[in-house]
Amino acid sequence: MKTVFVNPERCVGCRQCEFACAVEHSLSRDPTQAVFEIPTPRPRIHVSPGRAYATSFPNKCRHCDPAPCEQVCPTGAISRDAEHGLVLADARRCITCAMCAMVCPFDVITFHELGDGIPVRVAAIKCDGCVERVDAGRPPACVEACKTDALVFGELNELIEAGRARDTTALLSAAAAATSAAPAMPASIAGWRAWGEAAVHLNEGVHHGHH
Amino acid sequence: MATTDNTRQLSINNDARAMIMRAREEGIETVWDRLAAQQPQCGYCALGVSCRNCAMGPCRVDPFGEGPQKGVCGADADIIVARNLGRTIAAGASAHSDHGRDILEVFAELAAGETTGYELRDETKLRNLAEEWGIDPEGKEPREIARELATSMMEEFGIVKGRLSFADRLPEQRTKLWNDLGITPRGIDRENVEMLHRTHMGVDNDYVNTLLHGLRTSLSDGWGGSMVATELSDVMFGTPMPVRSKVNLGALRPECVNIALHGHNPLLSDVIMQAAEDPELVALAHEYGAESINLVGLCCTGNELQMRKGLPMVGNHLMQELVLLTGALDAMVVDYQCIMPSVTDVAKCFHTVVISTADKAKFTGATHVSFDPHRGLEIGKQIVRMGVEAYDNRNPERVRIPEGTVEMMAGFSVEAILGALGGTPEPLVEAIKAGKIRGAVAIVGCNNPKVPQDFGHVTLAKRMIENDILVLVTGCSAVANGKAGLMLPEAAEMAGPGLREICQALGIPPVLHMGSCVDNTRILVLAAALARFLGVDISQLPLAGAAPEWYSEKAVSIGAYVVASGIETVLGVQPAIFGSPNVVKLLAEGLDDVVGAKFAVEPDPEKAALLIRRHIEAKRKGLGLSCLEPEEMTAQAA
């Protein structure tokens, strides 16, 4: 089963996935026109800041199975597309009760005005896996926009295995050097994140009156 | 989350904390809310690896090494980071030098007798400058000297001379080094324009070459535009001499019309100070029930006036929204630089009028009064009148002024410092040789909401003076350390035994206010004078620079000219260069072999203090002076 996999340590917080997602779900699918559309196209992926500066996580629907949102939806607006392994929301059947959002473990279902093919109304919006793009042999819009591989698209187990290979190397070298088991970061990223981490310690230190 | 709900984490100052609390209670947005809303901020931009200099782009380089490594034109991370840093320096240097040009233009008009409200207040300095610039002042009227000096200075903004006269203040070793490297600035505007040219696609594609020009560009600011600003401001408004003043939001007076002067340029604010004494306007204030007209300073316009006239300060960069939140400010008069567009939004929540004055710096929501030096005093009076009339709209029930002010001293120009030393740097040099003063550090730069307000400035200054290192401050750092009580002669008690003895003998504070951010040139002049006195290069002196809370492009230019002048500099906030390990290596290591100084980045002021102390001891060792062992220092620090 193909899915969008997140490598959070690769996220640099540029939020280009959010922009590409909103454009993909616009009427025009053109970035220069999408920003002027009414209702405003909304992203289905949300890049949230971490605790320290320079850390972030691109949060989106994990297409759970069984999916809590699907289980609680009283109108059957949320259904599973077995072929693609996706959980899809049908705005025409949505009654905006927000039960799905309440039970979502990732808080990724939001409610906004929708206009694509239906009279404009507020309904649940969530990741649809860019099913049309995938059928056409293209990666989801968020993955295409991500240049750091924080978002990658592929067979779930293969991606997990690739990650495991990286981590195992890191773990072995960590055992020898007694250093962190986290995968090694390029100098550029390490330096950038070190400042963010130091700054957050500084902020918390002031709270405790260290000055 | 890096940003926080707890106001205690945002600032070390109680006056700031109280007003941040009020903003939250009343739902008024401030800089900290906007920083939180911006998180996460784009990593490409923070790393400096995004380029939007042309329409084949915008491009970005994947810092993890797997995605794109070159922009469409072929620029790699090194070139993109160098282009961006070069343009940042050019923007900062342009801001300072344009400020200098504005002062010079009014100086020239004053010389031509076309202004009102301006005088040549320091004729001695005018004559000294004239001689320095090869103009014979003998038997000439001050205005005639000023005319010749103005023309000569204007030539250095262009390409008439191809050199900067102020660079003659350098020790010969530094002059030779700049010439050998090809970084001696040729003209004030030229280097900025050339940087924009070089960073256009397909011009300078060698990052080392671009960065060397970055140093030259910054030097055209430090030894050019900014120095013109400082020196001519002294001639027109008076060379600062030690003066007592006070600081805090408590400088606002509920019984008075309160007018804040905010920005960087003293041209207009000086005439406003004259206008506020106009009997007609004072009478108008009385008519509205106010006791008098109370002028207060914000940011560097405030510093300029505090240095020369002891004007009370209400705060530095991060106080500009908070001063409005007192509900007691009737008018905020702004010129330019570092004035947040948000001040007009916050002002709308109160009765405060925001008055913009520079045609190059207009604000939606402000009332614009165009500054014209020909009618300086008249415009000053018009602005003060607007403030007095706004007082009539003040709602006393909404006034909340945090109590109390802190006394501080300002006015330590180079002339004032040398005056305190008896006219020669010798006593200072002797104190350094004897180890009573181990060295000096310039703590400068801004506030940045990413780090707690004033924490870096004050913590670093305390550690320095405790360890007998004299501290020189400008800009936001001066306000921070004034609020912390470090800028009074009595603060010598907080210094180590050697520095304490010297400060008490001279009656000076251990932290000396040297002015606004263009006045960092005073620090350059002092450093050059010390080096020449000793017959060494500036880079051999036990000196360091620090910008613990910097945010602006101007600060990048300052950091670059300080390092290129030979003074090692520690930054508290990361510049957008980490996407290129080569550029980082050059600035943090390689530069030491090139200009005898380098950059370091250290957000923790305790660690920065240790870095600076080690550096100063190493420089002492180089000069054959007594030096402390690093172990001993670690123990002291702990």
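Here are some worked exercises on the structure above.

This is a predicted model, in which local features need pLDDT of at least 70 and side-chain atom pairs count only at pLDDT 80 or more, while totals for chains, interfaces and linings use all residues. Residues are numbered from 1 along each chain as its sequence is written, chains are lettered from A in the order in which they are written, and side-chain values use heavy atoms, leaving out hydrogens and water.

**Exercise 1: cysteines**

Task: Find out how many disulfides there are over all chains.

Solution:
- Step 1. Get the rule straight: a disulfide is a pair of cysteine sulfur atoms within 2.5 Å.
- Step 2. Count with that rule, and you end up with 0 disulfides over all chains.
- Step 3. Look at A:C64: its nearest cysteine sulfur belongs to A:C61 and sits 6.2 Å away, and A:C64 is in no disulfide.
- Step 4. Do the same for A:C73, where the nearest cysteine sulfur is that of A:C97, 6.2 Å away; A:C73 is in no disulfide either.
- Step 5. Add the surroundings, where buried means under 20% relative accessible area, exposed over 50%, and partly exposed in between (1.4 Å probe, protein chains only). A:C73 has 18% and is buried.

**Exercise 2: where the two chains meet**

Task: Describe the contact between chain B and chain A.

Solution:
- Step 1. Count residues in contact (heavy atoms within 4.5 Å): chain B gives 42 and chain A gives 35.
- Step 2. Pick a way to state size: the accessible area lost when the parts come together is often used. Here buried area is what two parts lose on being put together (1.4 Å probe), summed over both.
- Step 3. For chain B and chain A that comes to about 3300 Å², with 64% of it on carbon and sulfur atoms.
- Step 4. Look for salt bridges, each a side-chain nitrogen of Lys or Arg within 4 Å of a carboxyl oxygen of Asp or Glu. The count between chain B and chain A is 1, and the side chains that meet are those of A:R10 and B:E66, at 3.0 Å from N to O.
- Step 5. Name the elements, which are DSSP runs numbered from the N terminus: helices (H or I, at least four residues) and strands (E, at least two). On the side of chain B that touches chain A, α2, α3 and α17 (455–466) of chain B give two or more residues. The most comes from α3(B), with 4 residues.

**Exercise 3: two domains of chain B**

Task: Work out how domain 1 and domain 4 of chain B fit together.

Solution:
- Step 1. Find the bounds, which come from an automatic or database domain assignment. Among the domains of chain B are domain 1 (7–60) and domain 4 (412–637).
- Step 2. Take the centres over C-alpha atoms: 28 Å separate those of domain 1 and domain 4 of chain B.
- Step 3. Count the contact: 16 residues come from domain 1 of chain B and 14 residues from domain 4 of chain B.
- Step 4. Turn to area: the two domains of chain B bury about 1000 Å² between them, 59% of it on carbon and sulfur atoms. B:I12, B:N13 and B:L47 supply 39% of what domain 1 of chain B buries against domain 4 of chain B, more than any other three residues.
- Step 5. Check charges: the rule finds 1 salt bridge across this interface. B:D15 and B:K483 form a salt bridge through their side chains, 3.3 Å from N to O.

**Exercise 4: a covered helix**

Task: Decide how many residues of α10 of chain B are buried.

Solution:
- Step 1. Locate the helix: α10 of chain B spans residues 266–275.
- Step 2. Tally it: 9 of its 10 residues are buried, including B:L267, B:D270 and B:M273.

**Exercise 5: unusual backbone in chain A**

Task: Which peptide bond runs to A:P39, and what is its omega?

Solution:
- Step 1. Recall the background: most residues other than glycine have a negative phi, and most peptide bonds are trans.
- Step 2. Inspect the bond from A:I38 to A:P39: it is cis, with omega near -5°.
- Step 3. Look at A:D65 and A:P66, which are joined by a cis peptide bond with omega about 0°.
- Step 4. Turn to phi: A:H63 has a positive value, near 50°. A:H63 lies in the loop between β3 and α3 of chain A, and is buried at 11%.
- Step 5. Finish with A:D149, not a glycine, whose phi is positive at about 65°. A:D149 is partly exposed at 28%.
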